[in-house]
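Me: Could you walk me through this structure one question at a time? I would like short reasons along with the answers.

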2 protein chains.
Amino acid sequence: MKSIKVGLLGIGTVGAGTFNVLKRNQEEIARRAGRAIEIVMVADLNEERARQLVGEQCEVVSDGNLVVNHPDVDIVIELIGGYGVAKDLVLKAIANGKHVVTANKALLATHGDEIFKAAQAKGVMVAYEAAVAGGIPIIKALREGLTANRIEWIAGIINGTTNFILSEMRDKGSDFDTVLKEAQRLGYAEADPTFDIEGVDAAHKATLMSAIAFGIPVQFEKAHIEGITKLEAVDIRYAEQLGYRIKLLGIAKRTEQGIELRVHPTLIPSKRLIANVEGAMNAVVVQGDAVGPTLYYGKGAGSEPTASAVIADLVDIARLADAQPEHRVPHLAFQPHSMSDLPILPIAEVTTSYYLRLHVADKLGVLANVTSILAESTISVDAMMQKEPALGETQTDIIILTHQTQEKNVEAAIKKIEALPTVLGKVTKLRLEHLS
Amino acid sequence: MKSIKVGLLGIGTVGAGTFNVLKRNQEEIARRAGRAIEIVMVADLNEERARQLVGEQCEVVSDGNLVVNHPDVDIVIELIGGYGVAKDLVLKAIANGKHVVTANKALLATHGDEIFKAAQAKGVMVAYEAAVAGGIPIIKALREGLTANRIEWIAGIINGTTNFILSEMRDKGSDFDTVLKEAQRLGYAEADPTFDIEGVDAAHKATLMSAIAFGIPVQFEKAHIEGITKLEAVDIRYAEQLGYRIKLLGIAKRTEQGIELRVHPTLIPSKRLIANVEGAMNAVVVQGDAVGPTLYYGKGAGSEPTASAVIADLVDIARLADAQPEHRVPHLAFQPHSMSDLPILPIAEVTTSYYLRLHVADKLGVLANVTSILAESTISVDAMMQKEPALGETQTDIIILTHQTQEKNVEAAIKKIEALPTVLGKVTKLRLEHLS
């Protein structure tokens, strides 16, 4: 059978991994796909380096337009990243009737609707397994494996850099800045780690998962995003004492009022499997109404794990290329004419549980004042811990875990608590999910 | 678009779940599949009960032949179980050009090659996501999500009954018989639990996974199978002290000599995620050369979790029905003309690590005798633990963890060790996998 011919845009870490894995496992992959898959053309600004990586096997150019316009290319892999050239070339490839595979979560989370619409009109596939959680086939699980289910929520550790940092902070009791430097030294964090540590990368991925789980458009701009830069070692320690771990979770949840889409540090019961995902590993829990909870775990980044997802998409396209377009897996899991218009809720309307840390003067009546404010706000307390003041100290910490309540309710209560003369400074608020 | 019409053979627990989930989520499923999926006909020996379950919505018959011969039926779901009627009806459905969805691991692990060959010749699909690990989309992950990879090994907790029993034995320190009775009372074990506790059910599932991971025929008859009936509480306790948990694993591993296919109680390091899978839950770890380890976790049995997998197969078939047959996902992941003839290795040629428990007379020189036998057999020791004899006792236990060696090598050493006059009774041997 005719081989599938692939053009590659950008041969950096993931591109090189894709080229190498395709070559190393070409026989095994062809035995699965029923035809050979070959990269016939590579575009990279650094032509010389690209040539060194691919040898004489395929054409190397510096202009991606030559790839997306080439008549022999069936599928274009976009591994350039960002929103500029990448978007332009993806749209051109689609316009030329080529299928697209991309790992570019930033592009899809912000311009996905435009791209998928163009692909739909042209009858081509845009596959993006590599855009979420690297080598874990989570897009496939959501779009295909769990089609029987009304998906209720998704919660994922979908950024390896921040999970590595949080694991180290917990293991060593170190603070954020120290561990970040260590992570950069070891190559787990980039020189400019902003997108990772501020939660933006996780929010891109959570946005994509929310779309395919609930059949809504991608709405990155409505995601609530908090990173881990303000997280203090003391809260990791207190959480541990109360039986919880703190993870940066990407959460997408369906409620009757709308969709919650949020990324923030989250307390999770230590006994949950996902609480035990350490280092740079990723994991996603999906709650479906029929299947219950399922969890998917693996490497969320890196050259060959990401290449694994890119190539799985190539094989899928090789298989589905001759199915009637309306029978292929829809880009966003649901048929484009039957998307839901459930709104994304503002964070004030999100309902969850909370961890509150108050720094207080160790005086009679503090606790009574605080608990009566909570009671007035109809916030019920799940657990409370008051630390003994250190020797010679007159200040101490009170930790409160609340039951579920609305964010705006907790914010109002915190304002009142902070106004108490015995409460010193700001209240630290973290969100808590039982994931059950 | 025309709806897909389904005939259901057997409406017991899973059949009822399938009917109910399809009905409850019909709108959401149709939004994904692009067409409605409807059960139009149900066959069950207990017609009255079937009628009560499905109401007036679809035809109920007692003879499955009426379903597999019905011209309106596009897909037949086989949920009868066993090898007799089920096999006959599946083959008839295929002969009539109908696609088949089945949860019947026993049937596929023993007669899969015949069934898949018939399906291939007729150009129909036989889907079986529900046959392994219930609602976890592990078949999809192996056949589609990890197509880039040379799969190195798979290790899974793929029988909920035995995992529940092992979790309880560990938690409560109880012995097997006590916990089995408890499991039967709670509905986690059947009245005749033989297939579960003797490892047969897990071996059916491991056989299917070995076929799709390595591109080999199903060869259940060559699987090495040990259940948990002989496992003693004392070994669970000693394993725990050494940092291990004991799980009944289904293992399929590729080596240069051949394929290891085995089910047996296995020590796993406690810190591995899969070691922390408790109760009736299932989990499978897959090691691919590109992606590294990935893990899939969820409910491995039950009405709606299994229905989730059955319905995902229905949606897949609805999508792929009009793809060219040779482009659909091959039944056993690899194209039928390119299967591998790697042999399944006999257990004597399997290579792994071992846990040995020796009951010995507490006399000088015992340990020296044992270790010199191991050294002569070129079995190197990874860890050793000698318990103090209880007060007034003159006998005690020695626990040895070995490095990797061949089974026949360890068996020969055990024979020599058992011949020592200071070693009392039989040596207990368990296998140990680091899963790294």
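Reply: Happy to; the questions below go from the pairing of the chains to single residues. This is a predicted model, in which local features need pLDDT of at least 70, side-chain atom pairs count only at pLDDT 80 or more, and totals for chains, interfaces and linings use all residues. Residues are numbered from 1 along each chain as its sequence is written, chains are lettered from A and ligands numbered from 1 in the order in which they are written, and side-chain values use heavy atoms, with hydrogens and water left out.

Me: By what turn can chain A be laid on chain B?

Reply: Copies are superposed by least squares on the C-alpha atoms of residues with pLDDT of at least 70 in both. The fit of chain A on chain B has an RMSD of 0.0 Å and a shift of 0.0 Å along the axis, with a turn of 180°. The two copies are therefore related as by a two-fold rotation axis.

Me: In chain A, which residue has the C-alpha nearest the axis?

Reply: The distance from that C-alpha to the axis is 2.1 Å. The residue is Ala323(A).

Me: How many residues does the contact take from chain A and from chain B?

Reply: Contact here means heavy atoms within 4.5 Å. Of the interface residues of chain A, 100% are also interface residues in chain B, so the copies meet through the same surface. The contact takes 68 residues from chain A and 68 residues from chain B.

Me: What area is buried between chain A and chain B?

Reply: Buried area is the accessible area (1.4 Å probe) that two parts lose on being put together, summed over both. Carbon and sulfur atoms give 53% of it here. The area comes to about 5,400 Å².

Me: How many salt bridges does the rule find across the interface of chain A and chain B?

Reply: The rule asks for a side-chain nitrogen of Lys or Arg within 4 Å of a carboxyl oxygen of Asp or Glu. One such pair is Lys140(A) with Glu144(B), whose closest N and O atoms are 2.8 Å apart. Across the interface the count is 8 salt bridges.

Me: Which element gives the largest share of the side of chain A that touches chain B?

Reply: Helices (H or I, at least four residues) and strands (E, at least two) are DSSP runs, numbered from the N terminus. Elements that each supply at least two residues to this side include α1 (13-24), α7 (138-145) and β12 (292-299) of chain A. The largest share, 10 residues, comes from α13(A).

Me: Which residue does UniProt list for "active site"?

Reply: The listing comes from an unreviewed entry, and such annotations may be inferred rather than shown by experiment. The residue sits in helix α11 (residues 200-214) of chain A. The name in the record is Lys205(A).

Me: Is Lys205(A) buried or exposed?

Reply: Buried means under 20% relative accessible area, exposed over 50%, and partly exposed in between (1.4 Å probe, protein chains only). Leaving aside neighbours within four places in sequence, Lys205(A) has contacts that include Lys105(A), Val132(A) and Asn159(A). A polar atom of the Lys205(A) side chain also lies 2.7 Å from the backbone oxygen of Ile158(A). At 5% relative accessibility, Lys205(A) counts as buried.

Me: With which residue does Glu168(A) form a salt bridge?

Reply: Both partners lie in helix α8 (residues 160-172) of chain A, 4 residues apart, about one turn of the helix. Glu168(A) is buried at 14% relative accessible area, whereas its partner is exposed at 55%. The closest N and O atoms are 2.7 Å apart, and the partner is Lys172(A).

Me: How far apart are the closest N and O atoms of Glu240(B) and Arg245(B), and what is this distance?

Reply: Glu240(B) counts as partly exposed at 32% relative accessibility, while Arg245(B) is buried at 13%. The two form a salt bridge, with the closest N and O atoms apart by 3.9 Å.

Me: What is the phi of Thr378(B) near?

Reply: Most residues other than glycine have a negative phi. Thr378(B) has a positive value, lies in the loop between α14 (366-376) and β14 (381-386) of chain B, and is exposed at 65% relative accessibility. The phi of Thr378(B) is near 50°.

Methods
A polar contact is a pair of N or O atoms within 3.5 Å; within protein, one must be able to donate a hydrogen and the other to accept it, and residues adjacent in sequence count only if both atoms are side-chain atoms.
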